Amino acid sequence: MSLGLRWASVGIALLFVFFLLLFEVLPGLLLVRVFWNEGQLSLASWAEATRPLFQRALRNSFELAFISALQGAVLGTLTAWALWSSANPLVKRFTTGLSAVAANFAGPPLAFAFIVLLGGNGFFNLILKGLGLPTVDIYSKEGLYWVYLYFQWPLMTVLMLPAFGAIQREWLEAARSLGSSQWGFWWRVGIPVLLPSILGSYILLFANAFGAYATVYALTQGQRNLLPLQIGFQVGGDISYNPVLASTLALMMALVLALSLVLYRLSRRWAAQMEGA
């Protein structure tokens, strides 16, 4: 490598480190201000963050993340199993590619797509109204489960496909030759091997839904009481502007996500042990 290319690579690396410090490390360090009030150590912002409004926001975010992750985990695991069982490589490639695209399709574009299809005057709701059938309310709590499922399901599928690669088809054939049924193989061998990956992927889905902001804000215009929306209100609202309280709520969210990351790392270690056993 010439001297010029070497200096260019060092410059790009330093620029990347500066980018990380500016948008990843510095905001984390600024969260320390939640322990200060008028130049003194204080927990006043923590007391304010435990008001019933924010307790409900935290509980609603937990509920939305828990249920949407559970729905995505069940359907995504079954989809990955179907792809693993399929002998058609074209179906596998098409479904895997489609899942990868859908898993990253979130935010305002996803909200707009659901509004066009299932909004108050959406395409399918107009058909349901014409038939005299009940319509779908995507702005309700139950409606959000459907919206979140759109990116949780394919994400789980993408995450579980490598895990199913650890299941050797020779194991299934050996179990059959010993008189075991297919269900018996999955109950005694397949599920125990896959269980760490299922739990780890579920934790990722939970964290993915717990911190989601753009999709639910674009869909409901902030009408749902969720923790990410409350943080946004505290830094972007004209009336409720309170950056210290926003930092406190953000720190609470960061602690939940950090715990999720620790559990995910433990699940990956467990999965590696099971796959190597």
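**Helix packing, burial and salt bridges**

In this predicted model, helix α8 passes helix α9 in a right-handed crossing. The residues of α8 that make the contact are Trp171, Leu172, Ala175 and Arg176, and those of α9 are Gln182, Phe185, Val189 and Val193. Sorted by class, this contact of α8 with α9 comprises 6 nonpolar, 1 polar and 1 charged residues. The two axes, that of α8 (residues 169–177) and that of α9, come within 10 Å and cross at roughly 140 degrees. The helix α8 is therefore oblique to α9.

Helix α9 (residues 182–210) also packs with helix α3 (residues 52–85), their axes coming within 8 Å and crossing at roughly 140 degrees. An angle over 145 degrees would count as roughly antiparallel; α3 and α9 are therefore oblique to each other. The crossing of α3 past α9 is right-handed. The contact of α3 with α9 contains 16 nonpolar and 4 polar residues, with no charged ones.

Within α9, one residue was examined individually. Leucine 194 lies in this helix and counts as buried because its relative accessibility is 4%, the cut-off for burial being under 20%. Leaving aside residues up to four places away in sequence, leucine 194 touches Met160, Ala163, Phe164, Ile167 and Trp186. For isoleucine 167, the separation from leucine 194 is 27 residues in sequence and 8.4 Å in space, C-alpha to C-alpha.

Burial was also examined for helix α11. This helix (residues 227–236) is mostly covered, with 7 of its 10 residues buried. The buried residues of α11 are Leu227, Pro228, Leu229 and Ile231, together with Gln230, Gly232 and Gln234.

A search of the whole structure returns 2 salt bridges. In one salt bridge, lysine 141 pairs with glutamate 63, with 3.2 Å between the closest N and O atoms. This pair links distant parts of the chain, since lysine 141 is in helix α7 (residues 141–164) and glutamate 63 in helix α3, 78 residues apart. Lysine 141 has a relative accessible area of 32% and is therefore partly exposed; glutamate 63, at 28%, is also partly exposed.

A salt bridge is also formed between arginine 51 and glutamate 48, where the closest N and O atoms are 3.7 Å apart. Arginine 51 counts as partly exposed because its relative accessibility is 38%. Glutamate 48 is partly exposed as well, with a relative accessible area of 31%.

Definitions and conventions: Residues numbered from 1 in each chain as written. Predicted model: local features only at pLDDT ≥ 70, side-chain atom pairs only at ≥ 80, totals over all residues. Heavy atoms only, no water. Axes fitted to C-alpha atoms, helices over the stretch in contact; angles between N-to-C directions. Helix = DSSP H or I, 4+ residues; strand = E, 2+ residues; numbered from the N terminus. Parallel < 35°, antiparallel > 145°, perpendicular 65-115°, else oblique. Left-handed = near helix turned anticlockwise from the far one by under 90°. Nonpolar A, V, L, I, M, F, W, Y, C, P; charged D, E, K, R; others polar. Contact = heavy atoms within 4.5 Å. Buried < 20%, exposed > 50% of the residue type's maximum accessible area, 1.4 Å probe, protein only. Salt bridge = Lys/Arg side-chain N within 4 Å of Asp/Glu carboxyl O.
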